[in-house]
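Subject: Structure handover

Hello,

Please find the structure we discussed below. My notes on it follow.

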Amino acid sequence: MSRHGRPHPSRRWRSSLLLRLLALLLLAALSLGAALAWWLSRPLDLATPSVELSVEPGQTPREVAQAWVQAGVQTRASWLYYWFRFSGDARKLRAGSYEVHTGVTPISLLDKMVRGEEVLEQLRLIEGWTFAQVRQALALAPALKPSTAGMSEAELMAALGRPGQHPEGRFFPDTYTYSRGVSDLTVLKRAHAAMQRRLDAAWAQRSADLPLKNAEEALILASIVEKETGAAADRPLVASVFVNRLRIGMPLQTDPTVIYGMGSSFDGNLRKRDLQTDTPYNTYTRRGLPPTPIAMPGQAALQATLHPARTRALYFVARGDGSSQFSEDLAAHNAAVNKYQRKQ
């Protein structure tokens, strides 16, 4: 302070300099903020019209940012990383398969991973398929990791936690959605668990006095009902025929089991000698149920098997239009065969 009470010139100079520095810092901050806002809302350049990335569990935000750049997002990985950190959502990134297209911004890119908006594929398993057909579908499914491709059936079931269990009929036919790059074993686990849940629920609510000892036998019979039914409305009637035969100890005499037992030797034509050649699945030469299911039964087949129609029918024959004619005795059945099969 001077003798006249005025600030010393050097102090005034320092105050002015400080104000100028503060102004410059404020201007720089505003400029940086404007640049950041512009960058965040500006579409990112992509190497191709769409860029895909699989974010693995445990990847750090920095690794995710670098992976996007390596995949084809043309920006600095450090900028993406600092944006992830600055947003406060860096720890909210979800593992999964993602795809971005032209027009994606840093904001929408981060939002996609925080929301878990993955690219999903679908696999449809069809009622009546055998396990061999399931494996074929797995091999052809898009972006599904073929973890089980080299496994035997026994190895595959062991990997599912079901060692010693036969795979036939153990997977529920449905449409399964999955993330790209996921293992086929993951999809099979879901299908296996779904069948077990459906079977347990259906068995718990079964009709009384069925000639079935357990849910395992119900699954086997349901697979036969699935393969033998041409028209949906006939399922409870088809089930009643087989239930009635089991009650009186009559052979089931169903062609699909014979065909299944023939395996790869079946050429599309079932001959008389095939019906007479004994295998564990030949229900003409053996009474009772075959040792395993012969295909995947759907929900309707499970329900029909455990709630069959109350009839005395022991026979049925295809009418030629998908439906069947049901008969209580052999004479009526032979007449139906002559009418619908031999056209007599």
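**Helix H7 and its partners**

The axes of helix H7 (residues 184-204) and helix H12 (residues 299-306) come within 10 Å of each other and cross at roughly 25°. The cut-off for roughly parallel is an angle under 35 degrees, so H7 counts as roughly parallel to H12. The crossing of these two helices is right-handed. On the H7 side the contact is made by Met195, Arg198, Leu199, Ala202 and Trp203, and on the H12 side by Gln299, Leu302, Gln303 and Leu306. Sorted by class, the residues in the contact of H7 with H12 are six nonpolar, two polar and one charged. Please bear in mind throughout that this is a predicted model.

H7 also packs against H8, at an angle of about 105° and with the axes 10 Å apart. Angles of 65 to 115 degrees count as roughly perpendicular, and H7 is therefore roughly perpendicular to H8. Here H7 contributes Met195, Leu199 and Trp203, while H8 contributes Ala215, Ala218 and Leu219. The contact of H7 with H8 consists of six nonpolar residues, with no polar and no charged ones. Met195, Leu199 and Trp203 of H7 thus appear in the contact with H12 and in the contact with H8.

**The loop between H7 and H8**

Two residues of this loop are worth a look. Aspartate 209 lies in the loop between H7 and helix H8 (215-228). Its phi is near 65°, a positive value in a residue other than glycine. As background, most residues other than glycine have a negative phi. Aspartate 209 has a relative accessible area of 69%; the cut-off for exposed is over 50%, so aspartate 209 is classed as exposed.

Proline 211 is found in the same loop, between H7 and H8. With a relative accessible area of 28%, proline 211 is partly exposed. Leaving aside neighbours within four places in sequence, proline 211 is in contact with Glu217, Val243, Leu246 and Arg247. For one of these, valine 243, the C-alpha atom is 6.7 Å from that of proline 211, although the two residues are 32 apart along the chain.

**Helices H3 and H4**

Helix H3 (residues 77-87) and H4 pack at an angle of about 65°, and their axes are 11 Å apart. The crossing of H3 and H4 is right-handed. Leu80, Trp83, Phe84 and Ser87 in H3 meet Pro106, Ile107, Leu109, Leu110 and Met113 in H4. By class, the contact of H3 with H4 has eight nonpolar residues, one polar residue and no charged residues.

Within helix H4 (residues 106-115), the residues Pro106, Leu109, Leu110, Lys112, Met113 and Val114 are buried. Of these, Pro106, Leu109, Leu110 and Met113 take part in the contact with H3. Just after H4, glycine 116 takes a positive phi of about 75°.

**Two further loop positions**

Alanine 149 sits in the loop between helix H5 (131-140) and helix H6 (153-159). Alanine 149 is exposed, with a relative accessible area of 59%. Not counting residues up to four places away in sequence, alanine 149 touches Arg135 and Asp184. Arg135 falls within the range of helix H5 (131-140), and Asp184 within that of helix H7 (residues 184-204). Alanine 149 and alanine 139 are ten residues apart in sequence and 7.4 Å apart in space, taken from C-alpha to C-alpha.

Glutamine 253 is found in the loop between helix H9 (235-248) and helix H10 (255-262). Glutamine 253 has a positive phi of about 50°, although it is not a glycine. Its relative accessible area of 35% makes glutamine 253 partly exposed.

**The chain as a whole**

The secondary structure of the protein chain comes to 13 helices and eight strands. Of the 344 residues in the chain, 41% are buried. Among contacts between residues at least 6 apart in sequence, 63% join residues at least 24 apart. The chain exposes about 19200 Å², and carbon and sulfur atoms supply 53% of that area.

Regards

Key:
Residues numbered from 1 in each chain as written. Predicted model: local features only at pLDDT ≥ 70, side-chain atom pairs only at ≥ 80, totals over all residues. Heavy atoms only, no water. Helix = DSSP H or I, 4+ residues; strand = E, 2+ residues; numbered from the N terminus. Buried < 20%, exposed > 50% of the residue type's maximum accessible area, 1.4 Å probe, protein only. Contact = heavy atoms within 4.5 Å. Axes fitted to C-alpha atoms, helices over the stretch in contact; angles between N-to-C directions. Parallel < 35°, antiparallel > 145°, perpendicular 65-115°, else oblique. Left-handed = near helix turned anticlockwise from the far one by under 90°. Nonpolar A, V, L, I, M, F, W, Y, C, P; charged D, E, K, R; others polar. Areas by Shrake-Rupley, 256 points an atom, 1.4 Å probe, with all protein chains shown as cover.
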